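Trainee: I would like to go through this model and ask what stands behind the terms used for it.

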Amino acid sequence: MSVIIAGERSGVGKTTVTLTLLASLRRSDRLVQSFKVGPDYIDPMFHQHVTGLPCRNLDPVLTSEAYVQQCFARHSQLSEYALVEGVMGLFDGISSLVISHTLREGVPLRGSKLRVASRREAPMSFAKDKGQRTNDKGQISDFASTAHIARLLDLPVVLVIDCSRLSGSVAAIAHGYRSFDPRIKIAGVVLNRVGSDRHLSLLKDSLEPLKLPILGVLRRQDNITIPDRHLGLVPTAELPELNALIDRLADLGDTCFDWQHLLPLLKSKPLPHPPHPPVGERSQTTSPSSPVRIAVARDRAFNFYYQDNLDLLQQLGAELVFWSPLEDAAIPKDVQGMYFGGGFPEVFAQQLAENTSVRDAVKTAIIQGMPTVAECGGLMYLCEQIIDFEGKSWSMAGVLPTSAVMGGRLTLGYRRAVALQNNMLVKAGTTVYGHEFHRSHLTLTATQPLFETSRYDSEENMGCEGWGLPANVHASYVHSHWGESREIPQQFLQECRKVASIET
């Protein structure tokens, strides 16, 4: 058992409500596992800061419906309480383009997000549940939405409503969301940004005929603000006053929720048998006798990693060595591979540029054959330069003969990426599903790009991208979750073991 914290739209305060719940639970020494719907990296950082446990992403586009179910079952059983934060509005998802999930020789493919897809394969609809709303093309209109996850996990929803600009209309909103999909159980509402006692009275009077429980009331808070910037909230590592903010949230949570009704909903229900591990973890979890050491860049500039990816590398035999391209004087010793996740290298471009010893060491290691995976911000770091929002140029590692230029245009969305050639991680023709989220662009495209990309939910071509030269580099703007793409980390470690064998 658990609940999903959903919003009637983006910006209503889902994250604030979620963090308030988590902070109050942790103050009472309750062990709570959190989850986040969708591909987001930053909200899970805040969850982990509060709970002390890695937050797990639930995203059926990047993984599969089965993986979402198994991941939730597995990790929710390890804590006394479990809580899921939704994404956008409750029913805001994407159209699941059926060509992305195919039939091959009449046999449905499993939910893997890493496979070769033939253009001649017949489309298969993902609309498996009877009565599920689809359009005339056989697509689910709210695929990967909070509602979709609620149906997959059979969890009740707590609906957060922004009441700052309404009173009696709150009942129409609540009624509409409760009746829109009869398969979704609305356990109650949380009224956020309530202005006064009179305002609250009007809201309660309007909701009373619906007999819908009010599970929390949060007044307008001028002293609780999480700063944001061009890609969302400022990450936790950059907020020195975060602990004080969490304390204020815990104070608020102790008094603003109806804990008598909420606690039973949040409590995890033990399963009669241990849940199966997620699909991508079912085989070969024993590590080789000599682990491969992977240098994982993790600091204020590089911190976008799915915990499942890091776990999978370790299960496959990797020893992860975390280090900082910002602060360290050299890359870690005796490593056979490097992993640069996304983040905000543009914010720390000057400091990265000034750490010339590390930039030179990274370039030398790659030129000498070190297998390296670089996603989004990591790709930017491997470029010759980053040109920031003010137009200032900062030298980077100089591995890729291009520069990353910051701009106002946001590139955002799920991607279907088809490998154009054999490269370090995937073979030509392989389809990888991922997510892009950045405000930079490259001055040059690779002459032999990694992928041809298109939107996940349409045939709109997004162009070619990614760098695979040198051949030991896989650098791309596309973020990927490896939960059901086990072949990717396996191939990465295989390349790293080649380096290890040469060293020995």
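Mentor: Start with helices α1 and α8, which are roughly perpendicular to each other. The model is a predicted one.

Trainee: Why are α1 and α8 called roughly perpendicular?

Mentor: The angle between α1 and α8 (residues 259-266) is about 90 degrees, and their axes are 13 Å apart. Angles of 65 to 115 degrees count as roughly perpendicular, and α1 and α8 are therefore given that label.

Trainee: Which residues of α1 and α8 meet?

Mentor: From α1 there are L21, S24 and L25, and from α8 there are W259, L262, L263 and L266. By class, the residues of this contact of α1 with α8 are six nonpolar, one polar and no charged.

Trainee: What makes α1 and α7 roughly perpendicular?

Mentor: Helix α1 (residues 14-27) packs on helix α7 (residues 242-256) at an angle of about 85 degrees, with the axes 7 Å apart. The range for the term is 65 to 115 degrees, and α1 and α7 are therefore roughly perpendicular to each other.

Trainee: Which residues make the contact of α1 with α7?

Mentor: On the α1 side they are T16, L19, T20, A23, S24 and R27. On the α7 side they are I246, D247, L249, A250, D251, L252, G253, D254 and C256. The classes are seven nonpolar, four polar and four charged.

Trainee: T18 is in helix α1 as well. How do you know whether T18 is buried or exposed?

Mentor: The relative accessible area of T18 is 1%. Buried means under 20%, so T18 is buried. Apart from neighbours within four places in sequence, T18 is in contact with I5, H47, L83 and E85.

Trainee: What does G429 count as, by its relative accessibility?

Mentor: G429 has 23% relative accessibility. Buried ends at 20% and exposed begins over 50%, so G429 counts as partly exposed. G429 is placed in the loop between β22 (400-419) and β23. The C-alpha atom of G429 is 9.9 Å from that of E452, with the two positions 23 residues apart along the chain counted as their separation.

Trainee: What makes H474 buried?

Mentor: The relative accessibility of H474 is 8%. The cut-off is under 20%, so H474 counts as buried. H474 is in strand β26. Leaving aside neighbours within four places in sequence, the contacts of H474 are T372, V373, A374, N423, M424, L425, L450, F451 and W467.

Trainee: Where else does H474 appear?

Mentor: H474 is one of the residues nearest the centre of the largest cavity, along with V432, F451, V478 and S480. The lining of the largest cavity has 13 residues. Elements giving two or more residues to this lining are β19 (372-375) and β26 (473-476). The lining divides into nine nonpolar, three polar and one charged residues.

Trainee: How many cavities of 30 Å³ or more are there?

Mentor: The count is two. The largest cavity has a volume of about 120 Å³, and the second largest about 80 Å³.

Trainee: Which residues line the second largest cavity closest to its centre?

Mentor: They are L231, G343, C376, M380 and H438, out of 16 lining residues. At least two lining residues each come from β18 (342-343), α12 (377-382) and β23 (430-442). The largest share, four residues, is from β23. By class, this lining has seven nonpolar, seven polar and two charged residues.

Trainee: What is the volume of the largest pocket, and why is a pocket not called a cavity?

Mentor: The largest pocket holds about 1500 Å³ of space. In a cavity the probe fits but cannot get out, whereas a pocket is an open set. The largest pocket has 50 lining residues, and S10, K14, K36, D43 and M88 are nearest its centre. The largest share of this lining, four residues, is supplied by β22. The classes are 21 nonpolar, 15 polar and 14 charged.

Trainee: How many helices and strands does the protein chain have, and what share of its residues counts as buried?

Mentor: There are 13 helices and 26 strands. Of 504 residues, 58% count as buried. Among contacts with a separation of 6 or more, 76% join residues 24 or more positions apart.

Technical notes:
Residues numbered from 1 in each chain as written. Predicted model: local features only at pLDDT ≥ 70, side-chain atom pairs only at ≥ 80, totals over all residues. Heavy atoms only, no water. Axes fitted to C-alpha atoms, helices over the stretch in contact; angles between N-to-C directions. Parallel < 35°, antiparallel > 145°, perpendicular 65-115°, else oblique. Contact = heavy atoms within 4.5 Å. Nonpolar A, V, L, I, M, F, W, Y, C, P; charged D, E, K, R; others polar. 1 Å grid on protein atoms, 1.4 Å probe; cavity = no way out; pocket = protein on both sides within 12 Å on 5 of 7 lines; lining within 4 Å. Points joined across faces, edges and corners; volume = space filled by probe spheres on them. Buried < 20%, exposed > 50% of the residue type's maximum accessible area, 1.4 Å probe, protein only.
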